[in-house]
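This report walks through the fold of the chain shown below, moving from individual sheets to single residues and then to the chain as a whole.

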Amino acid sequence: MKKIKLLFILILALGMIPAAMAQQVRVSGQVKNATNGETLPGVTVVVKGTTSGTSTDIDGRFSIEVPSSAILVFSFVGMETQEVPVQGRTTLNVSLSTSASMLDEVVVVGYGSAKRMDLTGSITTVKAKDLAYQAVANPAQALQGKVAGVQVTNSGSPGSSPVIRIRGLGTVSSSSSPLYVVDGILTNDISYLGTNDIENITFLKDASSSAIYGVRAANGVIIVTTKRSQSREARISYSGYTGFQKVVNKFELAKGRQYIDLVNEKNQLLAEASGSSFTPIDPAEYPDEIDWYDEVLREKALTQSHDISVMGGSAKSLYTFGASWFMQEGLVKGHDYDRINIRSSLESEVMKNLKVGYSANLSTYKFKDVPGVFYNSYVAPPVFTAKLNDSTFNPMGSGSLGNFSNPAAQLYYFNSRSNGIRIMGSAFAELKILEHFKLKTSYGMDYGSNRNRSYTPYYVVSETQVDTNRTLSRSMNYSTDGFWDNTLTYENTFGKHKVTAMAGISAQEFRNLGLSGSRSGVENYGDQSLYLGFGDQTTSNSGDFGSKITALSYFGRATYNYMDKYLFTGTLRYDGSSVFPSDERFDLFPSVGLGWVMTNEDFMQNQSIFDFLKLRASWGVTGNNRIPANIYTLTIAKGGELSTAFGQGGNVVIAEGANITSAVPPTLRWEKVKEFDIAFEGLAVDNKLSFELDYYHRLTVDGIFPTTLSATAGTSGSYLQNNGDFLNQGIELTLGWADNAGDFNYSFNTNFTYNKNEVKELLEGTLGLFGGNLPVGGFFSTYTIVGEPIGSYYGRNVVGIFQNDDEINNYTWTNPETNEEVLIQPNAKPGDFKYEDVDNNGLIDAKDRVFLGSALPTYLFGFNATLEYKGVDFSVDIYAQGGNKIYNAKRAQRLGNENYDLDFYENRWTGEGSTNEYPSADLTADNMLPNSWYIEPGGFVRIRNIQVGYTIPEKVVTKLGIRSVRFYVNTSNPFTFFKYNGFSPEIASSSPTSQGIDLNVYPMSATYNFGVNVNF
């Protein structure tokens, strides 16, 4: 009986062995980069020997149910694959080492992707983690200092887009903005996206990499990839922050008594020069004191963002859905921006060789605008109160100071609202043909609409600040862009050869339509009454505009890799655009790139300096078609009558007259960029040190430049013609270091750019181009001509300040023919600028103007440091630029008794010997002319971002059903160091010939916010 029991127990035990072996456990953990400790999203986690698996989420975390005896295989591009036995454990934290090259990393390129090792062009990628933590309305604003060769100039205005230039400025009359490609859709901006929508941003900086986009790639290409599900397991994540902005580096103005002293000094100098009497203003007449900036600016402006996303999939599908809300108050009172985003995507393998999918983004926004109050706040006398009482604004027109607009009243009576919608979407189908071919067709659409309503109520503040018309204006703009792309790709590896070839065709259409109208006499009883139909019909004014541009493109690319040593990339695009005349609409845009992986050569195998070293060189041609539509179409205006009488008392013939209102170029060709690039890139010190050194020579040929018309042309002005060459050449250096010491992980990254901009050639007979027109006086402050940067400042050179009458009388020129001495500045008075007589003819005139610098920086610098220890992380970003100048135009725009800034008050000329650098308080007449004194240094160093974060240990949050929780505090732009006398050294202007002119710059702000990231 005992033997039977023992046998039964043995059989039972043997039967339980397989069951025990098959026992399932849920294994969770996190995957990090062993080199720098960064978490790795998208790592594939598979049970060895099966197809069962998952992938890590955005924080590198995974969770999977497996047999307790299973072996998990962790794999990720650019990293060494690692196998880890489960051994019954429920927690596995894995660190993957960088593979011998980092060269398996897949990079997005035009109409496809490629391994980083195979690249022969200048391509840089910025990942989501470098963007999402910054409190910005536009993701492009967060790119400042991130990429070598890329200048990002931000404006503090809510919802505004930054000015981005890649490798300098290469055009005068066409758009200088880069092309954005969002999930395959070509567009001009990404203001509709939030930072949490983006997976990565890739910069195609040289012509070789961007030539595949042909006519729209002359200013570089920025490819944006939005987030997609990385796992088939359903996951929910939330990211949000709230905070506030405040003005930093507040610009100080002269206050009450200081202002009165300045006005008295100015008027006394003018009176003495004219021989008239002078009665000083008694400061007791103006006992009030005000800072007008305080009247129009908020002390704190709130901002917040909330984003939630759901990702997951099934056996053959992956889906993503997300929604976000962003709100930003402007620094100016009443200036607000509000945006809602909804996004979704789906990819599905509907058949064995057929994959289909779509992506869509819907963005709606509301915007409350404000007038340009900063210049008025600068010039308004600081000796009045904003209001006489709670309901009455101060007219500021009494006494001898003159009439000025009340900035507070200007802001109060301004009523402008905008709202709009942006829809971007694309759908694709991809079919695998035979073994090595892939056919893909996709259609994308970019639709946008914007509506604006502006209303001016009845108000009377003073004799000059008054409006009694009650005018309502409305405008509506619509744009629809469509893209149909078809590509056939061949990819194969045989022996030591890797070949990829792609051919495609693209059809594009761009439509734009706008309507506007206005009427006076509209009473405001609320929003329901602000319609044009309620206005006076006799005051109606309306207009419309529209354009249509079509394009057709054929393109191809071939890449070849031999033994991972010798690399070749060739592209060719044949583009046609209706922007140009019918006989000039098509052209070829070729490029070629070569690469040599030196560390894969036999003679490099015994060296220990470089883990990877590649020499690459490229050449290519790109185009720019973003000029006004139908510019080659001759327009006329009808009007007037021609009367002719035949004989005495004869018949009179009356005919309607017409005249030419525009001139068109005799021919107009593509504006092209021809670029050569050569670079070294590599890794060293066990892959801890990364480096890249680039030299580029970027020449715009057939640049579209205005040609001045002669007096006999039948019309005035100028027309655009291909007659300019513009050169940008420079050096880019990128360095990175990533390492760890136990649980302490750290990385440092820096980039430096030097760029020289120059107008190389204009066709014979072409005049230089004046720009930078100033409102008061109508002076031009820039001049574009051969040998100088585009939009260079141009004016008189100040060599000192006249200290007394003797110095004025001794500043003479001797006529070589008559030996007569001539006063060079006979109308000057003590305290005025002393100008250099450049042409030595005894007369200060337009011929004495010289070049005074450029708004274009010659160098850019970016730095980032990231530290992490046991869940605590710290990062800092620094940005700097230099070599550029700013034209301080607000100081020179004077008609009467405008205010001055505090720096001028403290350093002005007050009498003989007081200073030889600052003029007197009289900045009128010739002292207003553009000159070197108004040109100031534009360089600055900025602490771009500081962040401290803490990730709660996984064992704590998993008990609550949460994968990960991270809290952080962040500050953006807390410190900026500069010498310029203004709110900000960042002067954003999209006009190439009017850059860096400060007349009404939005103040610089620092942002302080607290945020949280939660993954379920």
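In this predicted model, four strands make up an open sheet whose order is S40-S41-S42-S47, and the pairing within it is antiparallel. Strand S40 (769-773) and strand S47 (850-851) are its edge strands, each of them pairing on one side only. Inside this sheet, strand S41 (residues 780-784) and strand S42 (residues 792-795) run antiparallel and are joined by 2 bridges, and the bridge partner that Thr782 finds in S42 is Tyr793. Strands of a sheet pair through backbone hydrogen bonds, in either a parallel or an antiparallel manner.

Another open sheet of 4 strands, again with antiparallel pairing, follows the order S3-S2-S5-S6. Strand S3 (53-55) and S6 stand at its edges with a single partner strand each, so one side of each is left without a neighbour in the sheet. From one strand to the next, the twist of this sheet averages 20°. Strand S2 (residues 44-47) and strand S5 (residues 71-75) run antiparallel and are joined by 4 bridges, with Thr44 having Ser75 as its bridge partner in S5. On S5, the pairing with strand S6 (residues 82-85) is likewise antiparallel and extends over 4 bridges; here Leu72 stands opposite Val84, and Phe74 stands opposite Gln82.

A further antiparallel pair is formed by strand S33 (residues 610-624) and S36, which are joined by 14 bridges. Within this pair, Gly623 stands opposite Lys672 in S36. Of the 14 residues in strand S36 (residues 671-684), 10 are buried, so this strand is largely enclosed by the rest of the structure.

The antiparallel strand pairs described above are set side by side here.

| Strand pair | Bridges | Facing residues |
|---|---|---|
| S2 and S5 | 4 bridges | Thr44 and Ser75 |
| S5 and S6 | 4 bridges | Leu72 and Val84 |
| S33 and S36 | 14 bridges | Gly623 and Lys672 |
| S41 and S42 | 2 bridges | Thr782 and Tyr793 |

Turning to the nonpolar interior, which residues touch the most other members of the largest nonpolar core? That core has 52 residues, and the two in question are Phe203 and Tyr213. When neighbours within four places in sequence are left aside, Tyr213 is in contact with Gly110, Tyr111, Leu179, Val181, Leu186, Leu204, Val221, Ile223, Arg573 and Asp575. Another core, of 33 residues, lies apart from the one just described, and its members include Leu269, Tyr811, Ala889 and Leu923.

Several single residues can be placed in the same way. Ser553 belongs to strand S30 (residues 541-562) and is buried, its relative accessible area being 0%. Beyond the residues up to four places away in sequence, Ser553 touches Gly504, Ile505, Ser506, Gln508, Arg573, Tyr574 and Asp575; Arg573 and Asp575 also appear among the contacts of Tyr213. Arg698, which is 145 residues from Ser553 along the chain, has its C-alpha atom 24 Å from that of Ser553.

Thr1007 lies in strand S54 (residues 1005-1015), and this residue is also buried, with a relative accessible area of 5%. Its contacts, again without counting residues up to four places away in sequence, are Ala135, Phe244, Gln245, Thr303, Asn970, Thr971 and Ser972.

Asn804, by contrast, is placed in a loop, the one between strand S43 (798-801) and helix H7 (805-810). The C-alpha atoms of Asn804 and Lys829 are 7.4 Å apart, while the two residues are 25 residues apart in sequence. With residues up to four places away in sequence not counted, Asn804 touches Pro830 and Glu912.

Finally, the chain can be considered as a whole. There are 9 helices and 54 strands in the chain. Its radius of gyration is 34 Å, close to the 31 Å that the globule rule gives for 1016 residues, so the chain is as compact as a globular protein of that length. Taken along the principal axes, the C-alpha atoms fill a box of roughly 135 × 75 × 70 Å. Of the 1016 residues, 52% are buried, and the chain exposes about 45000 Å², of which carbon and sulfur atoms supply 56%. Among the contacts with a separation of 6 or more, 70% are accounted for by residues 24 or more positions apart.

Conventions: Residues numbered from 1 in each chain as written. Predicted model: local features only at pLDDT ≥ 70, side-chain atom pairs only at ≥ 80, totals over all residues. Heavy atoms only, no water. Buried < 20%, exposed > 50% of the residue type's maximum accessible area, 1.4 Å probe, protein only. Contact = heavy atoms within 4.5 Å. Pairing = 2+ DSSP bridges. Axes fitted to C-alpha atoms, helices over the stretch in contact; angles between N-to-C directions. Core = buried A, V, L, I, M, F, W, Y, C linked by side-chain atoms within 4.5 Å. Rg over C-alpha atoms; globule rule 2.2 N^0.38 Å. Areas by Shrake-Rupley, 256 points an atom, 1.4 Å probe, with all protein chains shown as cover.
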